[in-house]
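Here are some short exercises to work through with the structure open beside you. Try each task before you read its solution.

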Amino acid sequence: MVGATAPAAATRTDEPVLAKVTLTVNGQRRDLELDTRTSLLDAAREHLHLTGSKKGCDHGQCGACTMIVDGRRINACLTLAIMHQGAEITTIEGLGQPDHLHPMQAAFVKHDGYQCGYCTPGQICSGVAVLEEIKAGIPSHVTADLEAAPQITEAEIRERMSGNICRCGAYSNIVEAMTEVAEARA
Amino acid sequence: MKSFTYERPSTPAEAAAAVGRTPDAKFIAGGTNLLDLMKLQIETPRHLVDVNGLGLDTVEPTDQGGLRIGALVRNTDLAAHPRVRKDYGVLARALLAGASGQLRNKATTAGNLLQRTRCPYFYDTAQACNKRQPGSGCSALDGVSRQLAVIGGSEACIATHPGDMAVAMRVLDATVETIDAGGAARNIPIAAFHRLPGDDPSRDTNLKPGELITAVTLPKPVAGTHIYRKVRDRASYAYALVSVAAILGKDGTGHVAFGGVAPKPWRVEAAEADLPKGAKAVTEQVFADAKPTHENAYKLKLAERTLGAALNQARA
(Lines give C-alpha, C1' and ligand atoms only; values in the text may rest on other atoms or scores of the structure.)
Protein backbone atom coordinates (compact mmCIF):
# COMPACT_ATOMS: atom_id res chain seq x y z
CA MET A 1 0.00 0.00 0.00
CA VAL A 2 1.24 3.45 -0.86
CA GLY A 3 1.20 5.98 1.97
CA ALA A 4 1.95 3.37 4.67
CA THR A 5 -1.18 3.42 6.78
CA ALA A 6 -4.68 4.56 5.99
CA PRO A 7 -5.23 8.17 7.01
CA ALA A 8 -6.70 8.87 10.42
CA ALA A 9 -10.40 9.52 10.39
CA ALA A 10 -10.20 12.77 12.38
CA THR A 11 -8.86 15.80 10.51
CA ARG A 12 -7.89 15.70 6.89
CA THR A 13 -4.46 17.15 6.25
CA ASP A 14 -4.46 16.66 2.48
CA GLU A 15 -0.71 16.01 2.47
CA PRO A 16 0.48 14.78 -0.94
CA VAL A 17 1.08 11.04 -1.16
CA LEU A 18 3.92 9.96 -3.43
CA ALA A 19 4.15 6.70 -5.36
CA LYS A 20 6.60 5.19 -7.80
CA VAL A 21 5.56 4.04 -11.25
CA THR A 22 7.42 2.74 -14.28
CA LEU A 23 5.93 3.36 -17.70
CA THR A 24 7.15 2.60 -21.20
CA VAL A 25 6.44 5.77 -23.11
CA ASN A 26 7.06 5.78 -26.85
CA GLY A 27 9.35 2.79 -26.45
CA GLN A 28 11.40 4.29 -23.62
CA ARG A 29 11.33 3.11 -20.01
CA ARG A 30 10.51 5.97 -17.66
CA ASP A 31 10.73 5.74 -13.88
CA LEU A 32 8.68 8.32 -12.04
CA GLU A 33 7.77 9.26 -8.50
CA LEU A 34 4.43 11.02 -8.58
CA ASP A 35 1.70 12.40 -6.37
CA THR A 36 -0.96 9.67 -6.47
CA ARG A 37 -3.36 12.26 -7.92
CA THR A 38 -1.30 12.70 -11.12
CA SER A 39 -3.27 11.81 -14.23
CA LEU A 40 -1.50 9.98 -17.03
CA LEU A 41 -1.87 13.19 -19.04
CA ASP A 42 -0.14 15.32 -16.41
CA ALA A 43 2.59 12.68 -16.00
CA ALA A 44 3.34 12.96 -19.71
CA ARG A 45 3.08 16.73 -19.97
CA GLU A 46 4.45 17.96 -16.66
CA HIS A 47 6.90 15.22 -15.70
CA LEU A 48 8.09 13.78 -19.02
CA HIS A 49 7.71 17.08 -20.90
CA LEU A 50 5.80 15.36 -23.69
CA THR A 51 3.49 18.28 -24.38
CA GLY A 52 1.98 16.95 -27.60
CA SER A 53 -1.00 15.49 -25.77
CA LYS A 54 -3.27 18.38 -24.86
CA LYS A 55 -5.44 19.20 -21.88
CA GLY A 56 -8.78 20.47 -23.14
CA CYS A 57 -11.61 19.80 -20.72
CA ASP A 58 -9.72 17.51 -18.28
CA HIS A 59 -12.99 15.57 -17.88
CA GLY A 60 -12.99 13.08 -20.76
CA GLN A 61 -15.39 15.08 -22.86
CA CYS A 62 -13.15 16.54 -25.56
CA GLY A 63 -10.59 13.85 -26.47
CA ALA A 64 -7.61 16.24 -26.80
CA CYS A 65 -5.65 14.07 -24.34
CA THR A 66 -6.19 10.79 -26.24
CA MET A 67 -3.23 8.39 -25.96
CA ILE A 68 -2.81 4.78 -26.99
CA VAL A 69 -2.22 2.65 -23.89
CA ASP A 70 -1.48 -1.06 -24.34
CA GLY A 71 -2.88 -0.79 -27.84
CA ARG A 72 -6.07 1.06 -26.94
CA ARG A 73 -7.02 4.70 -27.13
CA ILE A 74 -8.09 6.23 -23.83
CA ASN A 75 -8.64 9.65 -22.28
CA ALA A 76 -5.34 10.20 -20.48
CA CYS A 77 -6.95 12.87 -18.31
CA LEU A 78 -9.35 10.35 -16.73
CA THR A 79 -6.83 7.82 -15.54
CA LEU A 80 -4.16 7.89 -12.87
CA ALA A 81 -0.54 7.36 -13.90
CA ILE A 82 0.00 5.00 -10.97
CA MET A 83 -2.68 2.69 -12.35
CA HIS A 84 -0.48 2.01 -15.40
CA GLN A 85 2.52 0.26 -13.86
CA GLY A 86 4.42 -1.39 -16.74
CA ALA A 87 2.06 -0.10 -19.44
CA GLU A 88 3.12 0.66 -23.02
CA ILE A 89 2.05 4.19 -23.84
CA THR A 90 2.11 5.89 -27.23
CA THR A 91 1.62 9.63 -27.48
CA ILE A 92 1.60 11.75 -30.62
CA GLU A 93 5.40 12.13 -30.24
CA GLY A 94 5.74 8.37 -30.52
CA LEU A 95 3.58 8.06 -33.62
CA GLY A 96 5.81 10.28 -35.73
CA GLN A 97 8.14 13.27 -35.81
CA PRO A 98 8.45 16.19 -38.28
CA ASP A 99 11.09 14.37 -40.32
CA HIS A 100 9.23 11.06 -40.39
CA LEU A 101 5.52 11.60 -40.09
CA HIS A 102 3.09 8.80 -39.35
CA PRO A 103 0.82 8.29 -42.40
CA MET A 104 -2.09 9.69 -40.36
CA GLN A 105 -0.12 12.84 -39.55
CA ALA A 106 0.81 13.25 -43.24
CA ALA A 107 -2.82 12.78 -44.26
CA PHE A 108 -4.02 15.40 -41.74
CA VAL A 109 -1.51 17.87 -43.25
CA LYS A 110 -2.55 17.02 -46.80
CA HIS A 111 -6.30 17.30 -46.11
CA ASP A 112 -6.21 20.29 -43.74
CA GLY A 113 -7.53 18.12 -40.92
CA TYR A 114 -7.13 21.00 -38.45
CA GLN A 115 -7.08 24.75 -38.09
CA CYS A 116 -5.76 25.82 -34.68
CA GLY A 117 -4.27 22.36 -34.08
CA TYR A 118 -5.06 22.06 -30.39
CA CYS A 119 -7.23 18.96 -30.71
CA THR A 120 -5.06 17.46 -33.45
CA PRO A 121 -2.73 15.19 -31.41
CA GLY A 122 -5.79 13.61 -29.81
CA GLN A 123 -7.59 13.38 -33.15
CA ILE A 124 -4.61 11.64 -34.75
CA CYS A 125 -4.07 9.17 -31.88
CA SER A 126 -7.79 8.44 -31.92
CA GLY A 127 -7.84 8.16 -35.72
CA VAL A 128 -5.01 5.63 -35.76
CA ALA A 129 -6.75 3.56 -33.08
CA VAL A 130 -10.15 3.77 -34.80
CA LEU A 131 -8.79 2.13 -37.94
CA GLU A 132 -7.31 -0.64 -35.78
CA GLU A 133 -10.64 -1.10 -33.97
CA ILE A 134 -12.50 -1.52 -37.27
CA LYS A 135 -9.81 -3.93 -38.49
CA ALA A 136 -10.21 -5.91 -35.25
CA GLY A 137 -13.95 -6.25 -35.97
CA ILE A 138 -15.19 -4.15 -33.03
CA PRO A 139 -18.72 -2.96 -33.89
CA SER A 140 -20.06 0.56 -33.36
CA HIS A 141 -23.42 2.23 -32.80
CA VAL A 142 -23.88 2.63 -36.58
CA THR A 143 -22.82 -0.91 -37.54
CA ALA A 144 -25.99 -2.31 -39.17
CA ASP A 145 -25.26 -6.01 -38.68
CA LEU A 146 -23.72 -6.79 -35.29
CA GLU A 147 -22.46 -10.16 -36.47
CA ALA A 148 -20.76 -8.94 -39.67
CA ALA A 149 -17.32 -7.33 -39.83
CA PRO A 150 -17.66 -3.53 -39.67
CA GLN A 151 -16.57 -1.61 -42.77
CA ILE A 152 -14.64 1.64 -43.05
CA THR A 153 -17.33 4.11 -44.06
CA GLU A 154 -17.85 7.80 -43.40
CA ALA A 155 -20.66 6.98 -40.96
CA GLU A 156 -18.43 4.55 -39.05
CA ILE A 157 -15.58 7.07 -38.84
CA ARG A 158 -17.86 9.88 -37.69
CA GLU A 159 -19.50 7.76 -34.99
CA ARG A 160 -16.21 6.36 -33.71
CA MET A 161 -14.56 9.80 -33.62
CA SER A 162 -17.39 11.39 -31.59
CA GLY A 163 -15.20 11.49 -28.48
CA ASN A 164 -12.84 13.95 -30.17
CA ILE A 165 -14.19 17.48 -30.39
CA CYS A 166 -12.81 20.03 -32.88
CA ARG A 167 -14.05 23.53 -32.16
CA CYS A 168 -12.63 24.78 -35.48
CA GLY A 169 -14.90 22.26 -37.17
CA ALA A 170 -12.37 20.42 -39.33
CA TYR A 171 -14.43 17.25 -39.11
CA SER A 172 -15.04 16.66 -42.82
CA ASN A 173 -11.31 16.98 -43.54
CA ILE A 174 -10.48 14.63 -40.67
CA VAL A 175 -12.82 12.05 -42.21
CA GLU A 176 -11.06 12.50 -45.56
CA ALA A 177 -7.63 12.08 -43.98
CA MET A 178 -8.65 8.93 -42.15
CA THR A 179 -10.34 7.51 -45.24
CA GLU A 180 -7.19 8.04 -47.29
CA VAL A 181 -5.02 6.27 -44.72
CA ALA A 182 -7.49 3.38 -44.53
CA GLU A 183 -7.60 3.03 -48.33
CA ALA A 184 -3.82 3.22 -48.67
CA ARG A 185 -3.51 0.39 -46.19
CA ALA A 186 -6.24 -1.80 -47.68
CA MET B 1 -8.56 16.80 -6.06
CA LYS B 2 -8.03 15.72 -2.45
CA SER B 3 -5.01 13.53 -1.79
CA PHE B 4 -5.42 9.81 -1.22
CA THR B 5 -3.44 6.70 -0.49
CA TYR B 6 -3.50 3.86 -2.98
CA GLU B 7 -3.25 0.10 -3.09
CA ARG B 8 -3.64 -2.60 -5.70
CA PRO B 9 -4.65 -5.93 -4.18
CA SER B 10 -4.66 -9.17 -6.16
CA THR B 11 -7.79 -10.97 -4.97
CA PRO B 12 -11.44 -9.86 -4.75
CA ALA B 13 -11.58 -10.81 -1.04
CA GLU B 14 -8.55 -8.63 -0.27
CA ALA B 15 -10.04 -5.73 -2.20
CA ALA B 16 -13.41 -5.95 -0.44
CA ALA B 17 -11.72 -6.24 2.95
CA ALA B 18 -9.49 -3.23 2.21
CA VAL B 19 -12.45 -0.98 1.40
CA GLY B 20 -14.42 -2.40 4.31
CA ARG B 21 -11.74 -1.56 6.90
CA THR B 22 -10.51 1.78 5.56
CA PRO B 23 -12.46 4.98 6.26
CA ASP B 24 -13.62 6.78 3.11
CA ALA B 25 -12.12 4.17 0.79
CA LYS B 26 -13.37 3.49 -2.72
CA PHE B 27 -12.77 0.93 -5.41
CA ILE B 28 -11.39 2.24 -8.69
CA ALA B 29 -11.70 0.27 -11.93
CA GLY B 30 -11.85 2.25 -15.20
CA GLY B 31 -11.98 5.45 -13.18
CA THR B 32 -13.73 7.39 -15.93
CA ASN B 33 -16.56 8.52 -13.66
CA LEU B 34 -14.83 8.48 -10.26
CA LEU B 35 -11.84 10.61 -11.30
CA ASP B 36 -14.16 13.08 -13.01
CA LEU B 37 -16.05 13.43 -9.71
CA MET B 38 -12.84 13.56 -7.64
CA LYS B 39 -11.54 16.47 -9.69
CA LEU B 40 -14.72 18.36 -8.81
CA GLN B 41 -14.46 17.22 -5.16
CA ILE B 42 -17.89 15.65 -5.41
CA GLU B 43 -16.14 12.42 -4.44
CA THR B 44 -13.31 12.80 -1.93
CA PRO B 45 -12.01 9.32 -1.05
CA ARG B 46 -9.00 9.11 1.28
CA HIS B 47 -7.96 5.76 -0.06
CA LEU B 48 -8.31 4.10 -3.46
CA VAL B 49 -8.33 0.34 -3.92
CA ASP B 50 -7.40 -0.35 -7.54
CA VAL B 51 -9.26 -3.50 -8.63
CA ASN B 52 -7.54 -3.80 -12.01
CA GLY B 53 -5.24 -6.52 -10.70
CA LEU B 54 -8.07 -8.89 -9.75
CA GLY B 55 -8.62 -10.65 -13.06
CA LEU B 56 -12.45 -10.82 -13.34
CA ASP B 57 -12.01 -9.88 -16.99
CA THR B 58 -13.43 -12.84 -18.90
CA VAL B 59 -16.83 -13.70 -20.39
CA GLU B 60 -17.69 -17.37 -19.83
CA PRO B 61 -20.72 -19.54 -20.66
CA THR B 62 -22.75 -20.69 -17.63
CA ASP B 63 -24.12 -24.19 -17.04
CA GLN B 64 -27.62 -22.73 -17.50
CA GLY B 65 -26.89 -21.65 -21.06
CA GLY B 66 -26.26 -18.02 -20.17
CA LEU B 67 -23.16 -15.88 -19.79
CA ARG B 68 -21.07 -14.83 -16.82
CA ILE B 69 -19.44 -11.45 -17.42
CA GLY B 70 -16.48 -10.58 -15.23
CA ALA B 71 -16.77 -7.29 -13.36
CA LEU B 72 -13.71 -5.88 -15.12
CA VAL B 73 -14.67 -6.76 -18.70
CA ARG B 74 -14.36 -3.47 -20.57
CA ASN B 75 -17.42 -2.06 -22.33
CA THR B 76 -15.65 -2.36 -25.70
CA ASP B 77 -14.82 -6.01 -25.14
CA LEU B 78 -18.29 -6.89 -23.92
CA ALA B 79 -19.96 -5.22 -26.91
CA ALA B 80 -17.55 -6.98 -29.29
CA HIS B 81 -17.86 -10.43 -27.70
CA PRO B 82 -19.22 -12.92 -30.28
CA ARG B 83 -21.79 -14.44 -27.89
CA VAL B 84 -23.05 -11.02 -26.86
CA ARG B 85 -23.37 -9.89 -30.47
CA LYS B 86 -25.16 -13.11 -31.45
CA ASP B 87 -27.43 -13.81 -28.47
CA TYR B 88 -27.68 -10.58 -26.46
CA GLY B 89 -27.88 -7.93 -29.16
CA VAL B 90 -29.78 -5.56 -26.88
CA LEU B 91 -26.76 -5.47 -24.56
CA ALA B 92 -24.22 -4.94 -27.35
CA ARG B 93 -26.39 -2.15 -28.78
CA ALA B 94 -26.83 -0.46 -25.40
CA LEU B 95 -23.08 -0.51 -24.73
CA LEU B 96 -22.29 0.90 -28.17
CA ALA B 97 -24.86 3.67 -27.70
CA GLY B 98 -23.03 4.84 -24.57
CA ALA B 99 -20.12 7.26 -24.12
CA SER B 100 -17.21 7.45 -26.61
CA GLY B 101 -14.72 4.93 -27.95
CA GLN B 102 -12.04 6.12 -25.53
CA LEU B 103 -14.36 5.79 -22.53
CA ARG B 104 -15.68 2.36 -23.56
CA ASN B 105 -12.08 1.13 -23.75
CA LYS B 106 -11.65 1.96 -20.05
CA ALA B 107 -15.13 1.63 -18.57
CA THR B 108 -15.91 -1.69 -16.91
CA THR B 109 -19.05 -3.76 -16.49
CA ALA B 110 -19.19 -3.19 -12.72
CA GLY B 111 -18.19 0.45 -12.93
CA ASN B 112 -20.87 1.16 -15.49
CA LEU B 113 -23.52 -0.19 -13.08
CA LEU B 114 -22.15 2.13 -10.40
CA GLN B 115 -21.85 5.31 -12.44
CA ARG B 116 -23.46 8.27 -10.78
CA THR B 117 -26.14 10.58 -12.08
CA ARG B 118 -25.33 13.44 -14.43
CA CYS B 119 -27.98 15.68 -12.84
CA PRO B 120 -26.51 19.19 -13.27
CA TYR B 121 -27.24 20.00 -9.61
CA PHE B 122 -25.30 16.95 -8.44
CA TYR B 123 -22.33 18.23 -10.45
CA ASP B 124 -22.58 21.86 -9.33
CA THR B 125 -21.19 22.04 -5.79
CA ALA B 126 -22.69 25.52 -5.32
CA GLN B 127 -26.21 24.06 -5.58
CA ALA B 128 -28.34 22.13 -3.11
CA CYS B 129 -28.30 18.39 -3.78
CA ASN B 130 -29.47 15.69 -1.39
CA LYS B 131 -27.54 13.05 -3.28
CA ARG B 132 -24.21 14.89 -2.99
CA GLN B 133 -24.85 16.48 0.39
CA PRO B 134 -27.69 14.80 2.29
CA GLY B 135 -30.14 17.27 3.83
CA SER B 136 -29.11 20.22 1.66
CA GLY B 137 -32.25 20.11 -0.49
CA CYS B 138 -32.85 19.57 -4.18
CA SER B 139 -32.31 22.44 -6.60
CA ALA B 140 -33.53 20.31 -9.48
CA LEU B 141 -37.17 20.19 -8.38
CA ASP B 142 -37.74 23.81 -9.38
CA GLY B 143 -34.73 24.01 -11.65
CA VAL B 144 -33.63 22.91 -15.07
CA SER B 145 -35.16 19.45 -15.11
CA ARG B 146 -35.50 18.70 -18.80
CA GLN B 147 -33.20 15.68 -18.55
CA LEU B 148 -34.35 14.41 -15.18
CA ALA B 149 -36.64 11.68 -13.90
CA VAL B 150 -40.37 11.53 -14.60
CA ILE B 151 -40.99 8.51 -12.39
CA GLY B 152 -39.42 6.85 -9.35
CA GLY B 153 -38.11 10.12 -7.92
CA SER B 154 -39.10 11.73 -4.64
CA GLU B 155 -39.43 15.13 -3.00
CA ALA B 156 -35.74 14.73 -2.17
CA CYS B 157 -34.34 13.83 -5.61
CA ILE B 158 -35.32 13.46 -9.28
CA ALA B 159 -31.93 12.40 -10.63
CA THR B 160 -31.80 9.68 -13.28
CA HIS B 161 -29.55 6.69 -13.62
CA PRO B 162 -27.55 7.85 -16.64
CA GLY B 163 -26.45 4.51 -18.08
CA ASP B 164 -27.48 2.47 -21.09
CA MET B 165 -25.92 -0.90 -20.23
CA ALA B 166 -28.01 -1.39 -17.09
CA VAL B 167 -31.25 -0.82 -19.02
CA ALA B 168 -30.37 -3.73 -21.32
CA MET B 169 -29.35 -5.84 -18.32
CA ARG B 170 -32.72 -5.09 -16.73
CA VAL B 171 -34.65 -6.40 -19.73
CA LEU B 172 -32.33 -9.43 -19.81
CA ASP B 173 -32.99 -10.20 -16.09
CA ALA B 174 -29.30 -10.10 -15.23
CA THR B 175 -27.94 -10.96 -11.79
CA VAL B 176 -25.15 -9.05 -10.04
CA GLU B 177 -22.67 -11.21 -8.12
CA THR B 178 -20.79 -9.65 -5.23
CA ILE B 179 -18.39 -10.39 -2.40
CA ASP B 180 -18.58 -8.37 0.82
CA ALA B 181 -15.89 -7.12 3.19
CA GLY B 182 -16.24 -10.29 5.28
CA GLY B 183 -15.75 -12.50 2.23
CA ALA B 184 -19.40 -13.59 1.82
CA ALA B 185 -20.77 -13.85 -1.71
CA ARG B 186 -24.33 -13.00 -2.75
CA ASN B 187 -26.40 -12.61 -5.90
CA ILE B 188 -28.54 -9.52 -6.44
CA PRO B 189 -31.21 -9.48 -9.18
CA ILE B 190 -30.65 -6.41 -11.34
CA ALA B 191 -34.17 -5.22 -10.45
CA ALA B 192 -33.09 -4.95 -6.80
CA PHE B 193 -29.61 -3.58 -7.45
CA HIS B 194 -30.30 0.12 -7.95
CA ARG B 195 -32.52 1.85 -5.41
CA LEU B 196 -35.04 4.66 -5.58
CA PRO B 197 -34.08 7.85 -3.72
CA GLY B 198 -36.93 8.02 -1.19
CA ASP B 199 -35.63 10.21 1.63
CA ASP B 200 -32.00 9.04 1.19
CA PRO B 201 -30.83 9.83 -2.35
CA SER B 202 -27.15 9.56 -1.37
CA ARG B 203 -27.25 5.78 -1.87
CA ASP B 204 -27.66 4.78 -5.53
CA THR B 205 -27.56 1.02 -4.97
CA ASN B 206 -28.23 -1.61 -2.34
CA LEU B 207 -24.55 -2.55 -2.05
CA LYS B 208 -23.11 -2.56 1.47
CA PRO B 209 -19.91 -0.64 2.32
CA GLY B 210 -16.97 -2.63 0.97
CA GLU B 211 -19.16 -4.92 -1.13
CA LEU B 212 -17.45 -5.59 -4.46
CA ILE B 213 -19.14 -6.61 -7.70
CA THR B 214 -17.36 -9.67 -9.11
CA ALA B 215 -19.57 -10.52 -12.10
CA VAL B 216 -22.86 -10.04 -13.88
CA THR B 217 -24.64 -13.15 -15.12
CA LEU B 218 -27.18 -13.32 -17.91
CA PRO B 219 -29.77 -16.09 -18.17
CA LYS B 220 -30.01 -18.09 -21.39
CA PRO B 221 -30.81 -15.97 -24.44
CA VAL B 222 -34.37 -14.78 -25.14
CA ALA B 223 -35.52 -15.15 -28.75
CA GLY B 224 -36.81 -12.14 -30.63
CA THR B 225 -35.48 -8.96 -32.16
CA HIS B 226 -33.04 -7.30 -29.77
CA ILE B 227 -33.43 -3.53 -29.87
CA TYR B 228 -31.82 -0.64 -28.00
CA ARG B 229 -33.25 2.63 -29.17
CA LYS B 230 -31.79 5.77 -27.63
CA VAL B 231 -33.11 9.29 -28.14
CA ARG B 232 -30.65 12.04 -27.28
CA ASP B 233 -29.73 15.63 -28.10
CA ARG B 234 -27.11 14.66 -30.68
CA ALA B 235 -26.37 11.60 -32.76
CA SER B 236 -23.49 10.34 -30.65
CA TYR B 237 -21.82 10.75 -27.27
CA ALA B 238 -24.76 12.11 -25.26
CA TYR B 239 -26.92 10.75 -22.43
CA ALA B 240 -30.37 9.38 -23.18
CA LEU B 241 -33.40 11.60 -22.88
CA VAL B 242 -35.35 8.37 -23.27
CA SER B 243 -34.13 4.93 -24.22
CA VAL B 244 -35.92 1.66 -24.87
CA ALA B 245 -34.31 -1.75 -24.38
CA ALA B 246 -36.58 -4.37 -25.88
CA ILE B 247 -36.71 -7.97 -27.01
CA LEU B 248 -39.72 -8.29 -29.27
CA GLY B 249 -41.37 -10.83 -31.54
CA LYS B 250 -43.02 -9.96 -34.85
CA ASP B 251 -46.41 -10.14 -33.10
CA GLY B 252 -45.26 -7.53 -30.60
CA THR B 253 -44.93 -9.91 -27.66
CA GLY B 254 -41.82 -9.52 -25.56
CA HIS B 255 -40.11 -7.47 -22.90
CA VAL B 256 -39.20 -3.83 -22.50
CA ALA B 257 -37.30 -1.56 -20.10
CA PHE B 258 -36.87 2.21 -20.26
CA GLY B 259 -33.78 4.35 -19.60
CA GLY B 260 -33.36 8.07 -19.02
CA VAL B 261 -36.67 8.35 -17.19
CA ALA B 262 -36.03 7.20 -13.62
CA PRO B 263 -33.39 6.75 -10.90
CA LYS B 264 -32.98 3.16 -12.11
CA PRO B 265 -33.72 1.22 -15.29
CA TRP B 266 -37.52 1.31 -15.41
CA ARG B 267 -39.45 -1.86 -16.18
CA VAL B 268 -43.02 -2.85 -15.33
CA GLU B 269 -43.33 -6.54 -16.22
CA ALA B 270 -47.13 -6.56 -15.78
CA ALA B 271 -47.50 -4.10 -18.66
CA GLU B 272 -45.61 -6.32 -21.11
CA ALA B 273 -48.65 -8.53 -21.78
CA ASP B 274 -50.15 -5.54 -23.60
CA LEU B 275 -47.20 -5.05 -25.98
CA PRO B 276 -49.16 -6.55 -28.92
CA LYS B 277 -51.79 -3.82 -28.40
CA GLY B 278 -49.22 -1.16 -29.17
CA ALA B 279 -46.97 1.31 -27.42
CA LYS B 280 -49.62 3.49 -25.78
CA ALA B 281 -51.30 0.58 -24.00
CA VAL B 282 -47.93 -0.25 -22.42
CA THR B 283 -46.57 3.19 -21.57
CA GLU B 284 -49.89 4.19 -19.94
CA GLN B 285 -49.26 1.43 -17.41
CA VAL B 286 -45.48 1.79 -17.14
CA PHE B 287 -45.77 5.52 -16.45
CA ALA B 288 -49.09 5.48 -14.57
CA ASP B 289 -47.43 6.93 -11.45
CA ALA B 290 -45.28 9.46 -13.31
CA LYS B 291 -44.78 12.87 -11.73
CA PRO B 292 -43.06 14.87 -14.44
CA THR B 293 -41.96 18.48 -14.00
CA HIS B 294 -43.15 21.16 -16.40
CA GLU B 295 -39.82 20.78 -18.23
CA ASN B 296 -39.72 17.02 -18.70
CA ALA B 297 -43.33 15.98 -19.30
CA TYR B 298 -42.33 15.56 -22.96
CA LYS B 299 -40.55 12.36 -21.94
CA LEU B 300 -43.87 10.55 -21.50
CA LYS B 301 -44.85 11.09 -25.12
CA LEU B 302 -41.27 10.44 -26.21
CA ALA B 303 -41.23 7.10 -24.36
CA GLU B 304 -44.47 6.06 -26.07
CA ARG B 305 -43.14 7.00 -29.50
CA THR B 306 -39.75 5.41 -28.92
CA LEU B 307 -41.43 2.16 -27.91
CA GLY B 308 -43.69 2.51 -30.96
CA ALA B 309 -40.62 2.79 -33.17
CA ALA B 310 -39.13 -0.30 -31.52
CA LEU B 311 -42.35 -2.25 -32.15
CA ASN B 312 -42.28 -1.17 -35.80
CA GLN B 313 -38.65 -2.25 -36.06
CA ALA B 314 -39.52 -5.69 -34.67
CA ARG B 315 -42.42 -6.12 -37.11
CA ALA B 316 -40.40 -5.07 -40.17
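**Exercise 1. Decide whether Phe258(B) is buried or exposed, then classify its ring pair with Phe287(B).**

Step 1. In this predicted model, Phe258(B) has a relative accessible area of 1%. Residues under 20% count as buried, so Phe258(B) is buried.

Step 2. Its partner, Phe287(B), has a relative accessibility of 8%, so this residue counts as buried as well.

Step 3. A pair of aromatic rings is described by the distance of the centres and the angle of the planes. For Phe258(B) and Phe287(B), the centres are 5.2 Å apart and the planes stand at 70°. Planes over 60 degrees apart count as edge-to-face, so that is the class of this pair.

Step 4. Now place the two residues. Phe258(B) belongs to strand 11 (residues 254–259) of chain B, while Phe287(B) sits in the loop between helix 10 (279–286) and helix 11 (298–315) of chain B. The pair therefore ties together parts that are 29 residues apart in sequence.

**Exercise 2. Find how many aromatic pairs there are over all chains, and classify the one formed by Phe122(B) and Tyr123(B).**

Step 1. With ring centres required to lie within 6.5 Å, the count over all chains is 2 aromatic pairs.

Step 2. Phe122(B) and Tyr123(B) have ring centres 6.0 Å apart and planes at 70°, so they too form an edge-to-face pair.

Step 3. Check the burial of Phe122(B): its relative accessible area is 1%, so it is buried.

**Exercise 3. Describe the overall make-up of chain A.**

Step 1. Count the elements: chain A has 6 helices and 5 strands. Their order along the sequence is β-β-α-β-β-β-α-α-α-α-α.

Step 2. Take the dimensions. The C-alpha trace of chain A spans about 60 × 40 × 30 Å along its principal axes.

Step 3. Look at burial and contacts. Of the 186 residues in chain A, 52% are buried. Among contacts in chain A with a separation of 6 or more, 52% are between residues 24 or more positions apart.

**Exercise 4. List the buried residues of helix 1 of chain A and say what covers them.**

Step 1. Helix 1 of chain A runs over residues 40–47, and its buried residues are Leu40(A), Leu41(A), Asp42(A), Ala43(A) and Ala44(A).

Step 2. The cover over these residues includes strand 1, strand 2, strand 3 (66–69), strand 4 (72–75) and strand 5 (88–90) of chain A.

Step 3. Look just past the end of helix 1 of chain A: there His49(A) takes a positive phi of about 60°.

**Exercise 5. Work out which residues Asn75(A) touches.**

Step 1. Asn75(A) is in strand 4 of chain A, and at 4% relative accessibility it counts as buried.

Step 2. Leaving out residues up to four places away in sequence, Asn75(A) touches Gly60(A), Gly63(A), Cys65(A) and Thr66(A), and also Ser100(B), Gln102(B) and Leu103(B).

**Exercise 6. Compare how helix 3 and helix 4 of chain A each pack on helix 6 of chain A.**

Step 1. Begin with helix 3 (residues 103–110) of chain A and helix 6 (residues 171–185) of chain A. Their axes are 8 Å apart, at an angle of about 135°. These two helices are therefore oblique to each other, and the crossing is right-handed.

Step 2. On the helix 3 side of chain A, the contact residues are Pro103(A), Met104(A), Ala107(A), Phe108(A) and Lys110(A); on the helix 6 side they are Ile174(A), Ala177(A), Met178(A), Glu180(A) and Val181(A). By class, this contact has 8 nonpolar, no polar and 2 charged residues.

Step 3. Turn to helix 4 (residues 120–135) of chain A, whose axis comes within 11 Å of that of helix 6 of chain A and crosses at roughly 45°. This pair is therefore oblique, and its crossing is right-handed.

Step 4. Among the residues that meet here are Val130(A) and Leu131(A) from helix 4 of chain A, and Ile174(A), Met178(A) and Val181(A) from helix 6 of chain A. The contact of helix 4 with helix 6 of chain A divides into 6 nonpolar, 2 polar and 3 charged residues.

Key:
Residues are numbered from 1 along each chain as its sequence is written. Chains are lettered from A and ligands numbered from 1 in the order in which they are written. This is a predicted model: local features need pLDDT of at least 70, side-chain atom pairs count only at pLDDT 80 or more; totals for chains, interfaces and linings use all residues. Side-chain values use heavy atoms; hydrogens and water are left out. Rings of Phe, Tyr and Trp (its six-membered ring) pair if their centres lie within 6.5 Å; planes under 30 degrees apart count as stacked, over 60 as edge-to-face and the rest as tilted. Buried means under 20% relative accessible area, exposed over 50%, partly exposed in between (1.4 Å probe, protein chains only). Helices (H or I, at least four residues) and strands (E, at least two) are DSSP runs, numbered from the N terminus. Axes are lines fitted to C-alpha atoms, for helices over the stretch in contact, and angles run from 0 to 180 degrees between N-to-C directions. Angles under 35 degrees count as roughly parallel, over 145 as roughly antiparallel, 65 to 115 as roughly perpendicular and the rest as oblique. A crossing is left-handed if the near helix is turned anticlockwise from the far one by less than a right angle, and right-handed if clockwise. Contact means heavy atoms within 4.5 Å. Ala, Val, Leu, Ile, Met, Phe, Trp, Tyr, Cys and Pro count as nonpolar, Asp, Glu, Lys and Arg as charged, and the others, Gly among them, as polar.
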